[in-house]
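Please walk through the structure shown here, beginning with a single residue and moving outward to whole helices.

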Number of protein chains: 2
Amino acid sequence: MGVSGSSTRKVVESFKMSRLSIKYTPDDSDSDDPLLSPVATTDDERVTERSHRVLPNQLIETIEPSQRRRGRISSVSEYDIVADRMVPKYYEDFHTIDWLRDKTKDHLRHKLIENRKRTSIGAFFNKYLDAASGWILVFLVGVAAGLLAGVIDVAAIWTSDLKMGMCPSSGYYGAQQCCWLNNQSYAEEGSCSAWQEWSDTLSFTSGPARYAFNYFIYVLFSVIFAGLAGLFVVILAPYASGSGIPEAKTILSGFVIRGYLGAWTLIVKIAGMVLAVGAGLSLGKEGPLVHVACCCGNLFTRLFPKYYNNEAKKREILSAAAAAGVSVAFGAPVGGVLFSLEEVSYYFPHKVMWRSFFAALAAAFTLQLMNPYFSGKIALFYINYDHTWHLFEFVPFVILGILGGLYGAFFIKCNLVWSKIRKNKFKKFPLPIIEVLVVAVATGIISYPNIYTRDNASEVIKKLFSQCGPEDNNDLLCEYNRSYTYNLLDEYHDNEATSKVYEAMLLLSLAMVAKAILTIFTFGMKVPAGLFIPSMFVGACVGRVIGIGMEQIAFIYKDSWFFKLFCSPHEACVTPGLYAMIGAAAALGGVTRMTVSLVVIMFELTGGLSYIVPIMVAVMISKWVGDAIVKDGIYDGHIHLNGFPFLDSKEDFIHDTLVCDVMKPQPGDAPLETIDLSTCTISSLRKLVRESNYFGYPCLLSNETQLLEGFLTRKDIMTSLELIDARKDEDVTEESRVFFLDKSHRLQEAVVDSDVPSVNIRGTIDPAPIQVSDQTPMKTVVELFGKMGLRQAFVSRNGRLLGIVTKKDMLRHVSSMEKNPYSIQYH
Amino acid sequence: MGVSGSSTRKVVESFKMSRLSIKYTPDDSDSDDPLLSPVATTDDERVTERSHRVLPNQLIETIEPSQRRRGRISSVSEYDIVADRMVPKYYEDFHTIDWLRDKTKDHLRHKLIENRKRTSIGAFFNKYLDAASGWILVFLVGVAAGLLAGVIDVAAIWTSDLKMGMCPSSGYYGAQQCCWLNNQSYAEEGSCSAWQEWSDTLSFTSGPARYAFNYFIYVLFSVIFAGLAGLFVVILAPYASGSGIPEAKTILSGFVIRGYLGAWTLIVKIAGMVLAVGAGLSLGKEGPLVHVACCCGNLFTRLFPKYYNNEAKKREILSAAAAAGVSVAFGAPVGGVLFSLEEVSYYFPHKVMWRSFFAALAAAFTLQLMNPYFSGKIALFYINYDHTWHLFEFVPFVILGILGGLYGAFFIKCNLVWSKIRKNKFKKFPLPIIEVLVVAVATGIISYPNIYTRDNASEVIKKLFSQCGPEDNNDLLCEYNRSYTYNLLDEYHDNEATSKVYEAMLLLSLAMVAKAILTIFTFGMKVPAGLFIPSMFVGACVGRVIGIGMEQIAFIYKDSWFFKLFCSPHEACVTPGLYAMIGAAAALGGVTRMTVSLVVIMFELTGGLSYIVPIMVAVMISKWVGDAIVKDGIYDGHIHLNGFPFLDSKEDFIHDTLVCDVMKPQPGDAPLETIDLSTCTISSLRKLVRESNYFGYPCLLSNETQLLEGFLTRKDIMTSLELIDARKDEDVTEESRVFFLDKSHRLQEAVVDSDVPSVNIRGTIDPAPIQVSDQTPMKTVVELFGKMGLRQAFVSRNGRLLGIVTKKDMLRHVSSMEKNPYSIQYH
């Protein structure tokens with residue numbers, strides 16, 4: 001509209017003459033993928049060699065006389081930097097990767113191996129090794145994760161129990177193992193003589209002194225272990241702090257954090273975890289196991305350049321590693337795969353899922369062979385209930401779900417506020433350590449008097465989940481007035497609670513409050529710290545208390561029509577352990593907002609389909625309640641707090657903005673830095689990379705037309721310039737024109753005005769960068785970025801470049817539209 | 001290069017004046033999403049009303065005098081067809097849906113409800129009902145799937161057993177239920193008097209006559225049931241044949257097959273399944289349960305227009321339904337979700353996964369309450385082995401994997417060849433029925449003499465999976481020479497096999513061959529037929545035979561160093577049942593190429609982690625072997641055979657073609673049908689829709705520039721024309737110019753040359769269709785189509801339209817590049 005046709009037609013015709021005809025002239029038969037054609041058609045072998053050697057500055061010159069003879073070009077030197085695309089560390093630290101580019105890179109690599117496979121037997125086997133490398137890698141990662149988990153389990157039990165006493169017969173065993181190995185049963189304090197409390201070793205006998213001494217030793221060990229863990233983390237590897245899941249999520253979504261998954265971090269994390277768990281801090285080792293497994297994954301990729309040199313491919317292995325981590329943390333391989341799929345991973349095609357499952361199984365099986373709990377079971381809390389639940393119990397289950405959601409929202413809010421304060425105030429060296437020591441002292445002092453906080457948290461959770469039976473008769477929780485009239489199992493259910501049970505309920509309530517408050521301050525400190533166990537602990541306490549309450553109501557009113565309707569007379573009506581389990585799931589769901597994976601993990605713990613229905617209901621309600629109060633789960637909250645550029649694939653973007661509202665430049669901004677292909681010289685390129693620092697630059701046909709022709713990354717320009725410098729071509733001056741034509745374009749198509757010799761660099765320009773119209777709705781663009789793994793998209797209208805949208809711009813926009821108080825940092 | 005700058009600059013400047021400035025003029029503040037702005041800013045209420053009434057041809061006229069006053073336009077009538085976007089049956093039968101478009105549609109609908117929620121209490125609750133509708137739907141689908149599965153289970157047991165006899169005390173029970181309810185144990189023929197074979201009812205006593213009579217009745221029932229099933233399917237609902245999984249996959253990938261998930265198909269499928277299983281044909285009811293559940297899903301969407309009127313949203317429910325179907329088929333809810341994710345679904349975000357899990361649990365729980373097997377367990381083959389496996393057994397496990405892969409490839413090849421013959425030859429009416437009858441007679445005659453083919457296949461599989469124990473001592477498979485020296489359980493293992501066991505091995509081998517051959521001819525016939533059970537049967541037979549062989553080797557050489565090394569002396573060394581299970585998994589994996597979901601289903605059947613490791617290894621090897629021989633699984637094979645346009649999201653496209661090789665028009669083709677926005681009149685639109693039949697048309701700024709401005713669907717053009725006709729606007733003639741401007745464009749921007757009154761139709765044009773450059777690699781485009789759910793993409797270079805790539809073109813190209821002999825039909 002409003003454009004006079006004749007001049008446009010002229011331009012269009014000249015386009016057609018100069019460039020569009022390229023594709024359709026009959027003599028142009030070898031115009032394949034521009035990235036590949038020079039490789040595939042000229043000399044495969046040499047290029048393959050090159051790509052195997054992988055030296056960043058390797059300079060290859062390919063002057064083709066046949067090209068030189070044709071056309072109007074007086075002298076063109078050709079440089080080929082295809083091989084350079086295999087360079088590791090292509091991305092800077094704290095930068096976003098371009099999945100599409102990395103996939104193309106891998107495709108090229110794969111092609112070279114395929115082309116080469118018929119040339120020699122070695123190359124042929126190389127192809128199969130290449131195909132198998134992913135499986136080998138995930139197998140190694142799984143086995144490593146299983147071994148490390150076993151070592152950590154054993155060590156953490158030992159350090160935990162060291163606070164209370166030791167096993168003189170074999171010093172490296174925990175209390176339970178010590179008693180078992182000496183053929184003594186381990187149930188309550190003092191019941192097993194093989195295990196000596198610290199007071200026993202020094203022959204304290206009087207009650208209060210003995211208690212005070214043990215108390216003191218407990219707090220002392222707590223402080224020493226916590227201080228050591230904090231020191232290790234702060235001095236040796238700051239990345240080893242926390243659970244690592246927020247960072248793992250960010251890395252898997254395509255962000256580069258160098259050293260986060262390094263060997264040093266791994267070692268410090270393992271040592272720190274063992275110490276922090278031993279210190280009795282309010283944290284778990286389940287979340288950090290995901291970080292440990294991801295470190296293994298990252299380290300093993302060094303064996304295969306296919307994965308090590310390609311950030312996108314590396315993330316496939318990391319997804320599998322995350323699955324293996326959860327698999328060994330809970331002994332739930334299927335839950336691990338679903339956790340990786342739901343919570344951690346970003347790119348999770350079927351191939352990755354199958355490999356993740358393999359890694360998770362390998363890890364679980366390795367752990368089972370190690371048998372760290374001496375029980376033959378690897379499920380952290382393996383439970384088998386004798387009785388099912390009744391329909392009326394949906395009411396307390398729903399209440400547990402609501403409480404779980406409320407607790408989750410409360411915890412997230414408080415923890416984020418405190419984390420923000422910590423981030424701003426506790427930066428300088430001694431402060432983080434002092435924080436750790438203070439929390440350790442507080443934890444020690446608060447924990448010791450209450451048996452439910454004194455013991456290892458996962459042991460207590462196991463106790464809360466179980467039903468009372470013959471074997472755990474000594475515990476306060478199971479001190480019922482037994483009426484030995486019915487059969488053996490049922491006598492442990494539905495009896496009148498003694499005052500000891502009410503005492504246990506009080507202690508549980510206190511433990512719950514203490515854990516809830518301590519965890520707020522613990523999570524985010526400079527020690528390795530997971531959230532699963534403390535969250536489940538809080539939920540399990542609430543659940544057990546409500547469960548006992550329900551049980552006693554059912555017992556007292558057992559003759560009312562209501563309970564006669566639902567419960568059979570000589571059978572247990574209410575199982576308090578199930579309530580604890582549901583409460584734990586609800587609280588964990590409220591904090592992490594996990595859904596399917598959480599329910600499946602619980603499913604693998606109990607094995608019974610019927611118990612899963614109430615767990616699912618509670619998790620659903622907990623998530624709804626939590627979402628209504630605080631939108632993000634704790635991991636997303638910490639991602640935002642750290643300003644990581646993370647795109648949540650779970651949420652649809654629902655606002656009506658258009659690309660033109662988001663793209664850069666906005667009115668008033670400086671124009672984009674671009675490369676004018678019609679005037680590009682060596683000096684102009686040098687100027688560009690010297691004066692700006694963008695990831696890449698759009699290439700225009702000419703500055704007048706503003707028509708977008710392609711995309712060049714800064715790294716490729718710099719490599720090209722190094723290439724030109726290194727070659728010391730006498731004809732080439734600073735004013736030489738530079739072309740980025742691929743073979744299919746035929747050099748004679750290029751119009752060279754000057755008499756200065758020109759340079760052509762092949763294999764650098766991306767001739768088809770993703771473009772969107774300025775009228776495209778942002779919700780389409782958000783989907784495009786998320787699903788295609790883009791780093792940037794160019795905004796054009798009728799081919800004219802209007803601007804650029806980067807992932808960071810897009811994330812900032814998403815964040816601002818959702819009124820998120822956090823900002824996106826990094827690139 | 002090669003374009004003289006001055007004329008280009010002129011064009012560019014005039015562009016800038018006329019159109020690009022739209023966005024940046026400061027008075028242009030209300031330029032939001034063009035689809036939404038007229039709705040959201042003018043009169044929300046009326047549009048919401050309209051979209052609720054949802055009448056396809058509802059005509060709304062919106063003349064805005066303020067617009068008319070401005071600019072050079074003498075008279076413009078405005079029509080708004082935004083409301084029309086809620087029309088159901090937007091797509092024709094056998095057409096591909098546009099996910100992106102449907103998502104936008106749903107977004108608009110959601111926006112209207114959001115905007116309206118503050119206006120009244122009803123609207124407020126409407127919002128929450130809208131949010132809950134997905135959950136309500138999947139709950140209903142799950143419960144319905146559970147109920148139907150229970151009914152089918154009970155009915156199929158009854159019809160199966162009816163071939164052999166009846167229960168005089170209660171005629172509608174099968175043999176097992178009949179004996180149990182009469183407090184008699186059911187183990188071998190004749191052991192329970194409550195159940196009468198047909199020969200008993202007529203008092204046949206002599207051996208051969210009795211056998212012949214029973215044989216005859218067996219074949220007779222077989223033929224009657226199969227004939228009835230075939231008649232029902234052929235006459236009443238042809239879509240009820242087969243397993244339905246290939247078609248469900250295709251539908252979920254975004255294809256429309258009207259009636260495939262209708263009520264009529266559902267009823268016929270259920271009746272047909274019961275009859276076909278009862279006939280003893282070599283088929284299972286597990287696959288068809290997926291189809292049944294999907295039918296329920298489709299039917300229940302009628303309750304909520306949100307899902308019923310939106311094909312993309314409807315597929316979310318269907319994914320959940322597929323999960324519920326597998327969940328009840330095997331009693332494996334997690335496996336069901338993973339099956340839906342891995343095998344059936346196309347678009348499976350976390351939200352859908354969570355809902356699918358809910359549906360799968362609801363279905364499984366409903367089935368458990370119904371308790372159709374009278375066992376309290378819903379897992380089809382619930383197994384608990386007493387002994388674990390040994391490392392040396394990996395050798396037979398790997399062999400089972402290889403055999404499974406070979407069988408799968410063999411079955412797929414033969415079945416596809418036969419299906420092709422059937423497709424070409426057996427079209428006319430009586431032939432399909434005759435085919436069914438012939439196969440039924442053959443099946444009946446072959447099956448009766450062998451006890452392992454005579455019985456219901458899933459009962460036999462259960463027997464093959466089990467270990468020998470006190471309860472099944474009568475079976476041939478467990479006739480060992482017991483040495484009653486060790487403890488109770490172990491005496492059933494590792495004994496010398498009697499000749500009866502060898503007889504059983506022979507019978508199993510014969511049964512395996514018979515099933516393998518019969519299934520080739522059965523799958524694809526005009527009866528409802530699933531593949532899971534026959535495939536597992538074949539694998540289980542092979543596995544059990546090899547297992548018994550291994551067991552006997554271990555028994556005979558039990559004193560050799562080898563077995564002394566691995567096996568403990570007084571314990572079972574080899575469990576033949578585990579071999580049967582692994583063989584079944586391998587065979588099923590070879591046929592269907594399922595991976596994670598298959599292993600998880602097996603995991604849910606056994607519950608033991610350690611048994612899963614060999615199953616996973618066997619499934620992996622089976623898939624590799626199978627893939628090496630025949631690339632596609634049986635479902636994909638049937639999809640290709642039927643010519644459905646299905647994009648396999650599991651496979652990467654690895655070829656180096658570019659968009660310009662695939663797009664239409666290719667050199668020599670007729671140019672695209674386009675709409676020239678600068679000259680578009682009512683008569684030209686009429687001509688366009690009269691003379692062509694494309695899904696939509698690209699809109700060009702003008703034919704001279706060829707600059708792509710937007711996209712109009714045929715349906716929208718036709719609705720617009722109806723709108724104009726219905727309005728009977730006197731000023732509007734056939735030569736009236738038609739604009740498709742949205743409010744943000746401001747009418748005065750339009751250049752109207754003629755004096756004839758113009759018409760503006762808002763809310764029709766898509767101003768930002770997805771565009772790709774002609775140099776874009778096809779692998780990027782394949783990914784783009786797959787992940788974004790596109791129906792078409794326009795190919796442009798520098799804004800000029802070069803062509804179009806549709807999903808069908810892309811699929812044809814993928815198919816041809818992979819040298820697939822099948823072709824893509826339909827649109």
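In this predicted model, A:Ala276 has a relative accessibility of 0%, and because buried means under 20% relative accessible area, this residue counts as buried. The residue belongs to helix α11 of chain A, which covers residues 263–278. Leaving aside residues up to four places away in sequence, A:Ala276 touches A:Ala229, A:Leu281 and A:Leu283, and also A:Val527 and A:Pro528. A further reference point in the chain is A:Ala618, which lies 342 residues from A:Ala276 along the chain, with 31 Å separating the C-alpha atoms of the two.

Burial can also be followed over a whole helix, and helix α24 of chain A, residues 576–592, offers such a case. Since 17 of its 17 residues are buried, α24(A) is largely enclosed by the rest of the structure. From its first C-alpha to its last, this helix of 17 residues reaches 24 Å, which is close to the 24 Å expected at 1.5 Å a residue. The residue that follows α24(A) is A:Arg593, and its phi is positive, near 60°.

Chain B supplies an example of two helices packing against each other, namely α6 (residues 121–162) and α16 (residues 350–370), whose axes are 7 Å apart and meet at an angle of about 35°. The crossing in which α6(B) passes α16(B) is right-handed. Sorted by class, the residues in the contact of α6(B) with α16(B) comprise 16 that are nonpolar, five that are polar and two that are charged.

Conventions: Residues are numbered from 1 along each chain as its sequence is written. Chains are lettered from A and ligands numbered from 1 in the order in which they are written. This is a predicted model: local features need pLDDT of at least 70, side-chain atom pairs count only at pLDDT 80 or more; totals for chains, interfaces and linings use all residues. Side-chain values use heavy atoms; hydrogens and water are left out. Helices (H or I, at least four residues) and strands (E, at least two) are DSSP runs, numbered from the N terminus. Buried means under 20% relative accessible area, exposed over 50%, partly exposed in between (1.4 Å probe, protein chains only). Contact means heavy atoms within 4.5 Å. Axes are lines fitted to C-alpha atoms, for helices over the stretch in contact, and angles run from 0 to 180 degrees between N-to-C directions. A crossing is left-handed if the near helix is turned anticlockwise from the far one by less than a right angle, and right-handed if clockwise. Ala, Val, Leu, Ile, Met, Phe, Trp, Tyr, Cys and Pro count as nonpolar, Asp, Glu, Lys and Arg as charged, and the others, Gly among them, as polar. The expected span of a helix is 1.5 Å times one less than its number of residues.
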